[in-house]
Every structure is written in C-alpha cells, then in structure tokens.
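Reader: I am new to this structure, and I would like a guided look at it. Could you take my questions one at a time?

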Amino acid sequence: MNTPMQSTDTLNPTTQQPEQTQPLVRFAGVTKRYGELTVLDGLDLQIEEGEKVAIIGPSGSGKSTLLRVLMTLEGIDEGVIEVDGEPLTHMPDASGQLVPANARHLRRVRGKVGMVFQSFNLFPHMNALQNVMEAPVQVLGLSKAEARERAEELLAMVGLEDKLEHFPAQLSGGQQQRVAIARALAMRPKVMLFDEVTSALDPELCGEVLNVIRRLGEAHNLTMLMVTHQMGFAREFADRVCFFHEGRIHEQGSPDELFNNPREERTREFLSAVN
Ligand code: ADP
Ligand code: MG
C-alpha cells in the first residue's frame, strides 16, 4: 500500500513558505514511462537534509530510473521533482508562473545532485587527480590550483592519497569506485546518489567502498540515497529503508521495522528470497 506523505496543495510552489522546513528532495506523483511500460508509477518520496535512505527491491522495479530522473539523466512524464525546494524541470518566470527550465537553471539545480554508478565511468585517459579535477574546472570554473587542492583532499579522504597519478587501468575496481566517489563529491553536491556501487566488485573489494561511504555519512551532513542489494549494509547504514516494487515505494520504515517486521507480503517475499 502506498501512503502519500504530502497533501496535493504542496504541488503548487506558490503556496510554499520559505521559512517552512522543506525536504531536500521531493518526488510528488512522479510517473516515468518507456513506451507502454510504466517504470515509475505516481511515486511519492521525501528525503530530509542529512538523511540516509536505502532503496531495495527486485530487479526491474525502477530503482535506477528513480536515481536517473533525480540526476536529470532522464525526463519524467508526470509529477514534480524538487531539490532544495526548486523544481528540476521548471522555473518560475518574472510573474511567478512555472515555465520549462532553461539550460542555466538545469545546470544549477543539477549541480546539487551527485551520482556514483555501478560501472565506475572514470575517464580512462585521465589519472585519478585529473578525473576529480575535471568537472570543478570545466563546470564550476575553479582554477587548476583550487581544483587540485580540492581533489587531493577528497582523494585522501577516500584513502587514495598515494594513487593520485594512477590511471583507471592501473587501479583495482574498488579503488576506481573510490575515485568515482571523490569525483562526485568534488562538485559539492547536497545529495549523493549511489546505484549498486559495489555490484561490479569482487566481494573482498566491496568493504573498502562501503567503508568510505559509511565514513562520509558519519563525517558530513550529506544526504544520501542509495540503491543497494546488500541488506547488511542497508541495515546498518540507513536511517530509512524503502522497499521499491512496480515503480513505487511499497513499504518503508526504519531498518529494524523493514527487516525485522515487514508489514507487506511482497516485502516479506523479497526479503526471504535475498537473505
Ligand atoms: P532496477 O534498477 O530496479 O533494476 P531500472 O530502473 O533499471 O530497474 O528499470 C526499470 C524498467 O525500465 C525495466 O523493465 C527496464 O528494462 C526498463 N528500462 C530502463 N531503462 C530503459 C530505457 N532506456 N528504455 C526502455 N526501457 C528501459
Ligand atoms: Mg538498477
């Protein structure tokens, strides 16, 4: 059963008071279709600043699509997605009417979201340092020196201070994934998205990546949304676990509620199949 968490009038941004505390991320009635296939089906989801949310669910249920539309890699067919109170796809014009976002608005709102993919997607012809420096220089306009300082700091934070000059092919999967995390953080996003970031890794390399994510979560008030099939990690890491099924959040709760006392039959089936 799906219980919407907001009333419909919050869909209208003109009713929003700036002094109200608003969720950092808000999906309201979001529908995404690929032709006949409805992948997100009227999805409602709110994430508070600093919250760590794990998304679990069967393959093909729309989990990656949820992250991809938040990252604006895909458009949506219905509903609203807001980050920090601003709609991703629309912006107010001079009279306050919502109109389709221009490139500048998109770039700015998109900059609030960082994503780490299952396949690490590093630039193969750049070393670790250059991979992390690239977007801050090209997109944010940082000087090379500023970008380098930021990149060195972040690569140290993910435990790669001795691998700055290494190219992706010279790094293990776990090390590449840690560079990818540093690269996303270099844009200073407000929310970080992780899509099954350990599923392409050998089991012995998963731990180092999950440890980095865990440390990040503890040390910074970073908002994190993580799709994972590692129930053990979701249980200890997340403030809230959402079970995703057929394009919606079928059930959600604290890790204890969801893993130990799932209410829905479908959640129980899924958990007994993966455990
Ligand atoms: P999950 O990450 O939960 O496994 P996805 O979000 O990747 O699921 O995919 C949800 C559904 O959408 C799947 O049936 C998938 O085949 C379909 N799908 C995903 N991307 C596309 C696309 N670009 N074109 C057509 N169908 C897609
Ligand atoms: Mg996926």
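Reader: Let us begin with a pair of residues: which residue in E5 is the bridge partner of valine 83?
Author: Happy to help! This is a predicted model, in which local features need pLDDT of at least 70, side-chain atom pairs count only at pLDDT 80 or more, and totals for chains, interfaces and linings use all residues. Residues are numbered from 1 along each chain as its sequence is written, while chains are lettered from A and ligands numbered from 1 in the order in which they are written. Strand E4 (residues 78-83) is joined to E5 by 2 bridges, and the two run antiparallel; in E5, the partner of valine 83 is glutamate 86.

Reader: What do the labels rest on, and which strands are at the edges of the sheet that holds E5?
Author: Helices (H or I, at least four residues) and strands (E, at least two) are DSSP runs, numbered from the N terminus, and two strands pair if DSSP finds at least two bridges between them. The open sheet has 4 strands in the order E2-E1-E4-E5, with antiparallel pairing. Each edge strand pairs on one side only, and these are E2 and E5 (86-87).

Reader: Which residue takes a positive phi in the hairpin of E1 and E2?
Author: Strand E1 (residues 25-34) pairs with E2 in the antiparallel sense over 7 bridges, and arginine 33 stands opposite threonine 38 in E2. The hairpin has 2 residues between the strands, and the one with a positive phi near 60° is glycine 35.

Reader: Which element gives the most to the shell around ligand 1?
Author: A residue is near a molecule if its C-beta atom, placed from the backbone, lies within 6 Å of it, and the residues around ligand 1 include Tyr34, Leu37, Gly60 and Lys63. At least two residues of the shell come from each of strand E2 (37-47) and helix H1 (63-70). The top contributor, with 3 residues, is H1.

Reader: How many residues of the shell around ligand 1 are charged?
Author: Here Ala, Val, Leu, Ile, Met, Phe, Trp, Tyr, Cys and Pro count as nonpolar, Asp, Glu, Lys and Arg as charged, and the others, Gly among them, as polar. The shell divides into 3 nonpolar and 6 polar residues, and the number of charged ones is 1.

Reader: Is threonine 72 buried or partly exposed?
Author: Threonine 72 lies in the loop between H1 and E4, and has a positive phi of about 60° although it is not a glycine. A residue is buried if 20 or more other C-beta atoms lie within 10 Å of its own, exposed if 12 or fewer, and partly exposed in between, with C-beta atoms placed from the backbone. Because threonine 72 has 18 C-beta neighbours inside 10 Å, it counts as partly exposed.

Reader: Which residue in E9 stands opposite valine 116?
Author: Strand E8 (residues 113-116) points Val113 and Met115 one way and Gly114 and Val116 the other, and all are buried. E8 runs parallel to strand E9 (residues 191-195), with 4 bridges joining them. Opposite valine 116 stands phenylalanine 194.

Reader: What is the mean pLDDT of the protein?
Author: pLDDT is the predictor's confidence in each residue, from 0 to 100. Over residues 1-13 the pLDDT is below 50, yet 93% of the residues of the protein reach 70 or more. The mean pLDDT of the protein is 89.

Technical notes:
Two residues are in contact if their C-beta atoms, placed from the backbone, lie within 7 Å.
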